[in-house]
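Please open the model in your viewer and keep the sequence panel beside it. The tour below goes from one selection to the next and says what is to be found at each stop.

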Amino acid sequence: MPTSNSRDQDKHNPPSIDRLIHEPARYTIMAYLYVVDSADFLFLVKQTELTWGNLSAHVGKLEAAGYVEIKKEFLGKKPHTVASLTQKGRLAFEAYRRGMKEVLNKLPSSR
Amino acid sequence: MRTDTELKAIQRKVYMSFFQDGVWDIFLGLFILAWGLSILTEAAYLPGISFLGIYFSIWGIKKWLTYPRIGYVRFTSTSRRRITARFLILGTVVLLLGLLAGVLFGIGTRPQWLVDYFPLIFNGMLAAIVCFAAYWARANRFYVHAALIFLGAVIHQWLGVKWELGFIGAGSIILLIGLGILIIFLRRYPRVAEEVKDANQ
């Protein structure tokens with residue numbers, strides 16, 4: 001049964017907004033992975049300017065939700081970890097962006 | 001508001017991150033330098049050999065120098081196809097231009113206007129190719145490189161400086177710009193120790 005607290009939260013968070021993606025660091029990671037096929041952790045650290053620890057934690061959450069897939073690959077002889085968006089993650093990101101646009105478009109004009 | 005424009009900006013940032021090492025500038029500088037040296041030494045094969053040699057070594061250099069510093073990204077298949085097609089078009093045009101120059105120099109009788117303005121036409125075509133590359137890659141500094149290449153022919157045409165010296169001068173300046181960018185890149189992005197990466201992946 002929903003508590004009054006969660007009802008309050010629902011009122012302020014429309015159902016179309018995925019709160020997992022709504023976190024700025026995770027949104028940034030997903031945005032970078034959305035425009036590419038895959039990227040390694042070093043690339044994501046340099047582009048997002050997150051620390052290694054932060055990046056690992058956020059990618060871990062996205063992976064647990066099934067939005068991101070982590071693979072170990074070899075670049076030459078060196079192993080490196082590559083992250084990519086899953087189909088589910090790609091669709092969730094698109095839905096999130098549509099939802100955000102809808103919410104912002106519904107806001108009354110300041111004039 | 002997070003819009004498509006923002007995603008395009010991210011895409012552009014990702015794409016541009018692979019031009020910040022100066023390797024393509026060095027490639028262009030060496031290629032232009034090779035043109036100058038080929039005219040100077042009359043070794044017509046030099047630009048072709050240098051173009052193919054440098055072009056195929058670039059990917060190795062990137063793997064050894066760039067990826068360990070800024071990481072590795074695989075572009076989407078659509079982007080990869082588009083990039084490959086553009087490289088092929090530019091490469092083919094450069095090779096055709098080389099062949100055209102060879103044929104025009106080889107034929108016995110040439111119209112006077114072609115003889116008079118050949119350096120201007122040739123450098124203008126090379127500069128136009130570099131402009132196309134700058135536009136496609138959205139790398140604005142390549143417009144400066146194009147201007148330098150064209151300037152080489154202009155000073156030959158109107159100041160009487162030898163044509164090959166224009167090439168050598170432009171090539172050297174572009175090469176120095178590339179080396180400067182490479183030094184800044186190496187300082188800004190030190191190689192990340194494998195232990196750091198391993199501990200955090």
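## Confidence first

Colour chain A by pLDDT before anything else: among its elements, helix α1(A), residues 4-12, has the lowest mean value, 51, while α5(A) has the highest, 94. This is a predicted model, and chain A as a whole averages a pLDDT of 83, with 82% of the residues scoring at least 70. Where pLDDT is low, the predicted coordinates should not be read in detail.

## The two chains

Select chain A and show it as a cartoon, in which six helices and three strands can be traced. Followed from the N terminus on, the elements of chain A run α-α-α-β-α-α-β-β-α. Of the 111 residues in chain A, 31% are buried, and residues 24 or more positions apart account for 57% of the contacts with a separation of 6 or more.

Now select chain B, which has eight helices and one strand, in the order α-α-α-β-α-α-α-α-α from the N terminus on. The C-alpha trace of chain B spans about 70 × 35 × 25 Å along its principal axes. Buried residues make up 24% of the 201 residues in chain B, and among contacts between residues at least 6 apart in sequence, 66% join residues at least 24 apart.

## Where the chains meet

Show both chains together and select the residues that touch across the boundary: 24 residues of chain A are in contact with 22 residues of chain B. On the side of chain A that touches chain B, the elements that give two or more residues are α3, β1 (38-40), α4, α5, β3 and α6 of chain A. The largest share of that side, five residues, comes from α4(A). If you colour that side of chain A by class, you will find 13 nonpolar, seven polar and four charged residues.

Next, select β1(A) together with strand β1(B), residues 73-74, for the two strands run antiparallel and are joined by two bridges. Within this pairing, Ala39(A) stands opposite Val73(B).

## Ala39(A) and the core around it

Keep Ala39(A) selected and display what surrounds it. Which residues does Ala39(A) touch, not counting residues up to four places away in sequence? In chain A they are Tyr32(A), Leu33(A), Leu44(A), Val82(A) and Ala83(A), and in chain B they are Gly71(B) and Val73(B).

Widen the selection to the largest nonpolar core, which has 28 residues, and in which Met30(A), Tyr32(A), Leu33(A), Ala39(A), Leu44(A) and Ala83(A) touch the most other members. The elements that give two or more residues to this core are α3 (24-35), α4 (41-48), α5 (52-64), β3 (78-85) and α6 (87-106), all of chain A. The most comes from α3(A), with six residues. A second, separate core has 27 residues, including Phe150(B), Ala153(B), Trp163(B) and Phe167(B), which you may select for a look at chain B. In soluble globular proteins, nonpolar side chains tend to be buried together.

## Helix α4(A) and the residue after it

Return to chain A and select α4(A), a helix that is mostly covered, as six of its eight residues are buried. The buried residues of α4(A) are Phe41(A), Leu42(A), Phe43(A), Leu44(A), Val45(A) and Gln47(A).

Just after α4(A), stop at Glu49(A), which takes a positive phi of about 60° although it is not a glycine. Most residues other than glycine have a negative phi, and most peptide bonds are trans. Glu49(A) lies in the loop between α4 and α5 of chain A. Is Glu49(A) buried or exposed? Glu49(A) is exposed, because 11 other C-beta atoms lie within 10 Å, and a residue counts as exposed with 12 or fewer.

## A last stop in chain B

Finally, select Lys62(B), whose place is in helix α3(B), residues 46-70. Lys62(B) is partly exposed, because 15 other C-beta atoms lie within 10 Å, a count that falls between the limits of 12 for exposed and 20 for buried. Leaving aside its neighbours within four places in sequence, Lys62(B) is in contact with Val23(B) and Tyr67(B). If you then draw a distance from Lys62(B) to Tyr72(B), C-alpha to C-alpha, the two residues are 9.9 Å apart in space and 10 residues apart in sequence.

Note on methods. Residues are numbered from 1 along each chain as its sequence is written. Chains are lettered from A and ligands numbered from 1 in the order in which they are written. This is a predicted model: local features need pLDDT of at least 70, side-chain atom pairs count only at pLDDT 80 or more; totals for chains, interfaces and linings use all residues. A nonpolar core is a set of buried Ala, Val, Leu, Ile, Met, Phe, Trp, Tyr and Cys residues joined through C-beta atoms within 7 Å. Helices (H or I, at least four residues) and strands (E, at least two) are DSSP runs, numbered from the N terminus. Two residues are in contact if their C-beta atoms, placed from the backbone, lie within 7 Å. Ala, Val, Leu, Ile, Met, Phe, Trp, Tyr, Cys and Pro count as nonpolar, Asp, Glu, Lys and Arg as charged, and the others, Gly among them, as polar. Two strands pair if DSSP finds at least two bridges between them. pLDDT is the predictor's confidence in each residue, from 0 to 100.
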